[in-house]
Amino acid sequence: IEYDIVNIKNSLEELSWVNKAFIRKTLPNKIIINIEEHKEFAIFNKNEKNFLLSQEGKIIHEIRNSKAYKLINIEGNFATQNIDEVKKFLSNNRELEEQISKIIVHSDNRLDVIINNILFKLPNKNTKEATSKILRFTNVKNLKMVDLRFFEKKIFLKIDTKKMALKNKK
């Protein structure tokens with residue numbers, strides 16, 4: 001067999017969904033190819049488009065319907081570079097994982113999470129302690145944002161006052 005196996009391997013691994021390709025020649029006339037695909041980890045939201053993101057933080061391909069996948073949504077300019085921080089956060093917070101609809105990754109590895117349409121801003125340090133306070137707020141009506149970045153001294157809340165005013169009039 002007169003094929004350049006290295007070239008074939010490299011060509012296969014350039015495909016977005018291929019993680020690794022293993023090729024071997026079997027004499028006299030066979031080539032055996034094994035392909036390991038990327039494992040889907042999350043849906044990456046960028047510029048109003050959705051992409052499947054691998055466990056390594058590699059964009060696999062663009063998708064049209066993000067609701068067709070039961071994966072967490074991630075956004076932020078540094079999401080792909082800091083995928084290990086996201087995985088670590090999720091593994092340390094299994095009790096919240098099902099409730100989180102989106103994780104926003106910031107440049108300083110700081111994360112924001114959205115649970116029940118409430119934005120929770122988390123600190124860089126003492127994340128576990130701050131995260132333990134989230135469950136107190138997940139069922140508060142008209143709550144828009146909880147800033148836990150300074151939770152040791154103060155917790156800032158943002159409430160939708162328009163909805164509150166409408167409810168008070170009834």
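**Exercise 1.** How many aromatic pairs does a search of the whole structure find? Classify the geometry of the rings of phenylalanine 150 and phenylalanine 156.

*Solution.* The model is a predicted one.
- Step 1: searching the whole structure gives 1 aromatic pair.
- Step 2: the ring centres of phenylalanine 150 and phenylalanine 156 are 6.4 Å apart, and the ring planes stand at 85°.
- Step 3: planes over 60 degrees apart count as edge-to-face, so this pair is edge-to-face.
- Step 4: phenylalanine 150 has 46% relative accessibility and therefore counts as partly exposed. Phenylalanine 156, at 41%, is also partly exposed.

**Exercise 2.** Describe the largest nonpolar core and the surroundings of isoleucine 103.

*Solution.*
- Step 1: the largest nonpolar core holds 29 residues. Ile74, Ile100, Ile103, Val113 and Phe120 touch the most other members.
- Step 2: the elements that each supply at least two residues include strand 3 (40-46), strand 6 (72-75), strand 7 (100-105) and strand 8 (111-115).
- Step 3: helix 2 gives the largest share of this core, 4 residues.
- Step 4: beyond neighbours within four places in sequence, the contacts of isoleucine 103 include Ile72, Ile74, Val86, Phe89, Leu90, Leu111 and Val113. Asn73, Glu75 and Asp112 are also among the contacts of isoleucine 103.

**Exercise 3.** Locate arginine 24 and isoleucine 31, and relate the two residues to each other and to the surface.

*Solution.*
- Step 1: arginine 24 belongs to strand 1 (residues 18-26), while isoleucine 31 belongs to strand 2 (residues 30-37).
- Step 2: arginine 24 has a relative accessible area of 52% and is therefore exposed. Isoleucine 31 has 30% relative accessibility, so it counts as partly exposed.
- Step 3: not counting residues up to four places away in sequence, arginine 24 touches Ile5, Lys30, Ile31 and Ile32.
- Step 4: histidine 38 is 14 residues from arginine 24 along the chain, and their C-alpha atoms are separated by 21 Å.
- Step 5: isoleucine 31 also takes part in a nonpolar surface patch of about 530 Å², together with Tyr3, Leu15, Trp17, Ile33 and Ile35.

**Exercise 4.** Is asparagine 82 buried or exposed, and which residues is asparagine 82 in contact with, leaving aside its neighbours within four places in sequence?

*Solution.*
- Step 1: asparagine 82 sits in the loop between strand 6 and helix 2.
- Step 2: buried means under 20% relative accessible area. Asparagine 82 has 14%, so this residue is buried.
- Step 3: leaving aside neighbours within four places in sequence, asparagine 82 is in contact with Val105, His106, Ser107 and Asn109.

Conventions
Residues are numbered from 1 along each chain as its sequence is written. This is a predicted model: local features need pLDDT of at least 70, side-chain atom pairs count only at pLDDT 80 or more; totals for chains, interfaces and linings use all residues. Side-chain values use heavy atoms; hydrogens and water are left out. Patches are made of residues with over 30% relative accessible area and no salt bridge: like charges are joined within 9 Å, nonpolar side chains (Val, Leu, Ile, Met, Phe, Trp, Tyr) within 5 Å. Accessible areas come from the Shrake-Rupley method with a 1.4 Å probe; for residues, only the protein chains shown count as cover. A salt bridge is a side-chain nitrogen of Lys or Arg within 4 Å of a carboxyl oxygen of Asp or Glu. Buried means under 20% relative accessible area, exposed over 50%, partly exposed in between (1.4 Å probe, protein chains only). A nonpolar core is a set of buried Ala, Val, Leu, Ile, Met, Phe, Trp, Tyr and Cys residues joined through side-chain atoms within 4.5 Å. Contact means heavy atoms within 4.5 Å. Rings of Phe, Tyr and Trp (its six-membered ring) pair if their centres lie within 6.5 Å; planes under 30 degrees apart count as stacked, over 60 as edge-to-face and the rest as tilted.
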